[in-house]
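Grab a coffee and work through these exercises with the model open beside you. Try each task before you read its solution.

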Amino acid sequence: MANELPEDLLTLILLWLPVVSLLRFKCVCKSWYALITHQNFVRKHLLHNKNSNTHLLLKTSNKTMEDYVVSTISYEELQISPLTQPLPPQYFENGAEFGIGVVGSCNGLVCLRAYNTLNVVIWNPTTRETKVVPESNLPIFAPAGYCTRIQGMGFGFDAKTNDYKIINFVSMYERNFDDYFMKDVKEIIYQKEVYSLSTDSWRKVDGPQCFIFENTMTCTTGMGSWLAYVNEPDLFVLSFDMSDEVFLKTPLPDNVFGHRLFVLNESIAMVALMPLDEKWKEIQYDIWLLLKVGVKDSWKKLFTIGPSFTKIHLPLGFWKNGTMFLNKFDDGQLFLYDPSTKQMTDLQIHGRYNSMQLVTYMETLVSVKGGNESKE
């Protein structure tokens, strides 16, 4: 029967199926395998399901164990899946010693890194494909006697070339540096490097000499952004165009101290810390939206959180209609805050607060191997 169906009709039928079903159907026959693994079908399936296949991926570690795990949360109902899976263990042994972070999630691929190491992995949690990224070339270019440190990283999609890229920020400094974070930018050598999945290689790119203040990248369409500075505490948003590979700077609003960046309605949103007294004993979170990258006057203040519970909650990201996920410091509970009603809803999801990350995710057939076609 499989051979009797016209390929066009078969393709239309298979496009409606979830990834888990398609993975099983690869075993039906050689022609189905060839169809399902072909890059053209993978791309069509991705586009066909883009608006109906959105989930949230929660990375955390167990309270009783040090293992890092990921869980899927349905985007519409915010129901957590009863099934969890560990991060690829063979590449992140003893992960609790250095911490594992999600660099970014794009088209079903998730980029993971182990802090304070050069270990980087691209992972498709649905197909369970894993690719170890070659080590960055930059440390070997450090002057004699210098140490290297990965101070920032990002992961995104280049729509012009249909390629996935990692942007890496490496700082090089003398071994006798006592206060690394307090040093002037001019005393440190900063280098940038881009990894291409299609070529499986790194290459240097030019960029501004600055320090990445916020390690986690915010990914909007074709653009990755971080908080950065040249002269602390004068922060700005540093954005990297994944296709043109150029950097853009956006100054923050006057008298605003940026804390974290997120995505809201495909735009950059910033959580700013605002002190309510001189000693910062009372603070509040101001939420700003950047309407146009590179234009300072395009910042728009949306709402304020606090000050009643700002000391015990950490913003994790946005959901629908500007509602925000918050993680409670003491017990790791995940809450949803509605700025219109100022009400908080306990989502009954728990984890260690200092290990929790929440990213948008979709199940896809996209391969971590790159190239024009998927291969076994």
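**Exercise 1. What percentage of the 376 residues in the protein chain is buried?**

Before you start, note that this is a predicted model, where local features need pLDDT of at least 70, side-chain atom pairs count only at pLDDT 80 or more, and totals for chains, interfaces and linings use all residues. Residues are numbered from 1 along each chain as its sequence is written, and side-chain values use heavy atoms, with hydrogens and water left out.

Step 1. Fix the cut-offs: buried is under 20% relative accessible area, exposed is over 50%, and partly exposed lies in between (1.4 Å probe, protein chains only).
Step 2. Read off the share: 52% of the 376 residues are buried.

**Exercise 2. Find out how far the model's confidence goes.**

Step 1. pLDDT is the predictor's confidence in each residue, from 0 to 100. The chain has a mean of 83, and 87% of its residues reach 70 or more.
Step 2. Look at the extremes among the elements: helix 5 (residues 95-98) has the lowest mean pLDDT, 51, and strand 16 (residues 247-251) the highest, 95. Helices (H or I, at least four residues) and strands (E, at least two) are DSSP runs, numbered from the N terminus.
Step 3. Check residues 372-376, where pLDDT stays under 50. Where pLDDT is low, don't read the predicted coordinates in detail.

**Exercise 3. Which residues of helix 4 are buried, and what do they pack against?**

Step 1. In helix 4 (residues 39-48), the buried ones are Gln39, Phe41, Val42, His45 and Leu46.
Step 2. These residues cover an arc of only 160° around the axis (taken from the directions from the helix axis to the C-beta atoms), so they sit on the same side of helix 4. Residues three or four places apart point the same way because an α-helix has 3.6 residues a turn.
Step 3. Their packing partners are helix 1 (7-14), helix 2 (19-25), helix 3 (30-37) and strand 25 (357-362), with contact meaning heavy atoms within 4.5 Å.

**Exercise 4. Trace the open sheet of four strands.**

Step 1. The order is 4-5-6-7, with antiparallel pairing; two strands pair if DSSP finds at least two bridges between them.
Step 2. Strand 4 (100-106) and strand 7 (129-132) are the edge strands, each pairing on one side only.
Step 3. Six bridges join strand 4 to strand 5 (residues 109-114), and Gly104 has Cys111 as its bridge partner. In their hairpin, with two residues between the strands, Asn107 takes a positive phi near 55°.
Step 4. At the other edge, strand 6 (residues 120-124) and strand 7 share four bridges, with Trp123 partnered by Thr130.
Step 5. Back on strand 4, seven of its seven residues are buried.
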